[in-house]
Amino acid sequence: MMRTSRSSGVLGGLLVLLLLLNVASGASLTSFVNLFIGTSSGANGGSGGNAFPGAAVPHAMVKTDGANGRISEVGIDVDETPRQAGYIDDNSSITGISLMHDEGTGGNTAGGYGFFPLFPLSNCTFEDCPVGINARKTLRAAGADAATPGYFTTTFINDIKLETTSTRRAGLIRFTYPSDLNETSVVVDLTNDLQRSFEGGTLEIDSSSGRVTLSGTFLQSYGTDNYTAYACYDFTPSNGTQALTQYGTYQSINASSPTDISVAQNSSSLSFAYTSSPSPIQAGALLSFSIPANSDSGSRAVLARFGVSFISTDQACANAENEIPGWDWDAVQNASESKWEDVLNRVEINTSVEDATVVELLYSSLYRSQLVPANLTGENPYWDSPYPFYDALFCSWDTFRTVHPLLSLTSPREWAEIVNTYVDGWRNTGYIPECRANSKKGYVQGGSDGMPILGDFAVKYGARGSELGVPVDDLYQALVDTAENTPPDWYMVGRQNTAWKTFDYIPTNWTDPSGAIGLPTREASRTLEYALGDFAVRQAGIALNKSDDDVYKYGNRSMGFLNVWDPNVTSDGFTGFAQRRFANGTFAFSDPVDCSPLDTVGHSCARGTDNDVGFYESSSWEYSFFAPHSMSSIVDVVGGNDTFVNRTTHYFTKGYFLAGNEPSFAMPLAYHYANRPDLSALRVRDVVYSSFGTGIGGIPGNDDSGAMAALLTFHILGLYPVPASNQLLLGSPLVSAFTLHNDLLNTSTTFTVSGFDASSLAAVPGNGSRLYVSSVSVNGQTQGSICWIAFEDVVGGGEIVITVDGDADAASVRGCGSSERALPDSLATGGFPIS
């Protein structure tokens with residue numbers, strides 16, 4: 001089913017009817033994907049999901065939709081900000097359709113990538129066509145944006161229709177001109193990426209073949225560097241029906257008057273030397289075509305094939321020729337849809353039985369969770385390597401919690417390639433990459449959060465490393481080096497280990513005697529994340545049979561999060577909070593409310609040097625719960641189970657919870673650690689139905705490279721992963737049954753919810769609604785815990801039965817079970833054992 005955008009923020013009656021019709025007809029799973037969820041503007045208090053609704057294949061380099069892209073993500077570009085993914089679902093003007101985009105990220109509000117856009121023109125003489133970016137921009141017709149996985153289309157108010165589909169490093173773009181327009185011209189823009197950050201480049205037109213090649217240097221969207229991209233456009237399909245009749249170049253008369261542009265007919269090249277800062281110059285190519293009219297409608301269509309590369313224009317052209325040799329639109333679009341169908345089928349539900357909204361949310365979330373990281377294998381411009389090269393690790397801080405654990409369940413082969421990218425980054429730079437964006441290193445947000453990703457892989461698939469092509473000894477050494485060594489600039493990669501190893505926390509106002517530099521803020525939250533990173537090394541050491549000395553060393557260091565716990569700070573009647581700490585051991589007070597949604601002062605809470613709170617994108621009220629490897633320690637220091645439950649409930653009801661930010665992700669299930677999974681079940685439903693939806697504002701914040709999408713997927717399935725471990729917290733699923741298919745293990749594991757009650761699918765389920773887990777069995781064996789389940793069981797094949805009831809009183813005293821390990825593991829209480 002084609003999904004259209006620019007609709008209301010809720011699922012309308014017509015959309016429900018169409019969805020039900022698709023169910024009845026046995027529609028493909030791609031028909032349940034709504035690409036426009038999370039595409040509302042982030043301006044003026046909007047949700048700003050920054051989701052990408054354009055054409056792409058799973059983990060593609062190219063992403064097109066007129067404004068969005070990765071290699072190959074193709075999409076339309078709007079002229080308003082914020083536009084991190086290029087696209088906004090509003091009435092803003094369109095400036096072009098470009099070749100690569102970010103998905104769901106924050107960062108620069110002007111967006112990333114979006115280079116070498118095309119734009120269709122008509123009804124103008126060649127020399128007088130409005131080629132400049134502001135002169136040419138136009139509005140879309142109301143309700144014209146539509147998309148399915150692998151395809152995007154819209155129509156301008158002059159009735160020119162735009163369509164695009166793509167492969168991994170190439171794609172097709174088609175402009176269809178109505179019969180009442182006289183000219184069929186296309187702008188090929190050299191200088192305008194989404195950020196308007198052009199720093200030099202070239203353009204060449206081969207009029208005999210209809211080929212245009214471009215190179216350009218632009219600024220990355222999240223970091224200090226620039227990058228160079230290459231593209232190849234072909235405008236003469238093999239059927240010979242599209243003839244190039246006029247060509248030329250255009251450029252600004254001078255940089256001081258960039259909108260004063262001249263068009264030079266028959267000019268075939270442009271070259272601009274590198275500049276150290278962005279140039280405002282406008283430049284590109286203008287092409288006109290002679291095309292036979294459609295016999296029925298009188299319309300004429302211009303078809304362009306493109307290839308993208310980070311290596312050279314020759315490789316960009318080769319990518320186009322190899323991936324789309326026959327210019328066959330249907331073949332490309334069908335292949336893209338087939339790839340998405342394969343991905344979506346890895347989580348199988350009965351779409352005719354389950355709640356229609358949940359079906360749409362599930363498959364739309366699965367789709368977005370698999371857009372990035374982007375597979376740039378064969379496009380590494382920095383070193384030769386036999387290993388895969390992925391980009392858009394933007395950022396590991398966002399994705400380690402949910403995206404990578406979801407890949408571990410459904411896509412272990414793809415995940416192994418991504419893990420190899422992290423290891424190969426260490427192999428060639430000395431450190432695990434943290435936030436690679438636009439092929440360059442980006443800013444470190446907290447810890448080196450590639451560490452939990454590698455630790456997670458070691459635990460789950462380390463024994464199959466050879467089969468998956470991952471050298472696990474290298475993986476372990478990458479973890480150790482990142483845990484021990486301090487890079488020259490730990491703001492861009494790695495950790496401030498000089499401080500961490502000296503104090504067992506990150507002190508505030510401390511000068512590193514090693515001479516290493518970085519952004520000396522976020523001291524408390526970096527301490528908490530460094531602790532988790534060391535736990536990941538411990539876990540990898542156990543899984544890969546490394547020395548006991550290493551296992552104990554990193555296990556002990558991972559408890560360093562307690563060193564920033566100040567037992568004397570009180571807020572809202574609750575005592576004990578994480579705080580910054582000086583090198584002499586005294587604490588630096590910050591109000592735990594600071595940087596929460598209730599912060600009335602407006603503190604700087606991001607990466608700036610003015611962040612004097614000590615936490616990144618969150619408050620002490622929230623981060624004080626962050627010790628996923630030893631939550632029993634948090635339960636203990638706040639005063640025991642009852643106080644922990646009351647404190648967690650207060651955190652939600654007071655308004656400290658922020659659904660759209662990663663430090664909050666695990667909070668709805670925090671009650672598990674105080675033996676109250678019944679409260680977790682209620683809280684997850686509240687979060688899902690209060691914060692997520694099927695409209696353009698259906699993501700409560702940035703999608704963050706699929707992090708929010710993967711989180712919602714886990715909530716729907718009633719699971720939540722514990723980092724760098726084989727445990728998943730077990731919740732109450734929002735579907736009556738589902739099957740996980742794992743193609744590496746060749747297993748299919750079916751989860752059945754016995755007693756499933758559709759009336760529980762609400763923010764506040766009615767009294768008696770059956771949503772409380774009362775027992776769990778794996779292949780007929782009753783489990784000792786209803787609060788967690790082993791990864792090996794989740795992917796092991798067979799049947800898992802989750803029995804639910806509606807007795808809230810019984811659920812409140814049932815807890816996690818009566819077995820010795822009923823509670824989820826915590827390091828402080830002997831959990832995550834060595835043997």
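Helices here are DSSP runs of at least four residues and strands are runs of at least two, numbered from the N terminus; with that convention in hand, the tour of this predicted model can begin in the loop between H12 and H13, where arginine 522 lies.

**First stop: the loop before H13**

Select arginine 522 and check its backbone, since phi is positive at about 60 degrees although the residue is not a glycine. Most residues other than glycine have a negative phi, and most peptide bonds are trans. Arginine 522 counts as buried because its relative accessibility is 1%, which falls under the 20% limit. Then move to threonine 521, which is found in the loop between helix H12 (497-503) and helix H13 (523-543) and, at 4% relative accessibility, also counts as buried. If you show what surrounds threonine 521, leaving aside neighbours within four places in sequence, you will find it in contact with Arg526, Arg607, Gly608, Thr609 and Asn611.

**Second stop: phenylalanine 116**

Next select phenylalanine 116, in the loop between strand S4 (94-98) and strand S5 (118-121), where phi is near 50 degrees, a positive value in a residue other than glycine. Phenylalanine 116 has 0% relative accessibility and therefore counts as buried.

**Third stop: two cis peptide bonds**

Go on to the bond from valine 372 to proline 373, which is cis with omega near 0 degrees; proline 373 sits in the loop between helix H5 (356-369) and strand S20 (374-375). A further cis bond runs from phenylalanine 394 to cysteine 395, with omega near -10 degrees, and cysteine 395 has its place in the loop between strand S21 (390-391) and helix H6 (396-399).

**Fourth stop: serine 267**

Now select serine 267, in the loop between strand S15 (261-265) and strand S16 (269-272), which counts as partly exposed because its relative accessibility is 21%. Beyond its neighbours within four places in sequence, serine 267 is in contact with Ile205, Tyr247, Gly248 and Thr249, and its side chain makes a polar contact of 2.8 Å with the side chain of threonine 249.

**Last stop: the whole chain**

Finally, zoom out to the protein chain, which has 21 helices and 33 strands and whose C-alpha atoms fill a box of roughly 80 × 65 × 55 Å along the principal axes. Its radius of gyration is 27 Å, which agrees with the value near 28 Å for a compact globule of 835 residues. Of these 835 residues, 64% count as buried, and among contacts between residues at least 6 apart in sequence, 68% join residues at least 24 apart.

Definitions and conventions:
Residues numbered from 1 in each chain as written. Predicted model: local features only at pLDDT ≥ 70, side-chain atom pairs only at ≥ 80, totals over all residues. Heavy atoms only, no water. Buried < 20%, exposed > 50% of the residue type's maximum accessible area, 1.4 Å probe, protein only. Contact = heavy atoms within 4.5 Å. Polar contact = N/O pair within 3.5 Å; in protein donor to acceptor, adjacent residues only side chain to side chain. Rg over C-alpha atoms; globule rule 2.2 N^0.38 Å.
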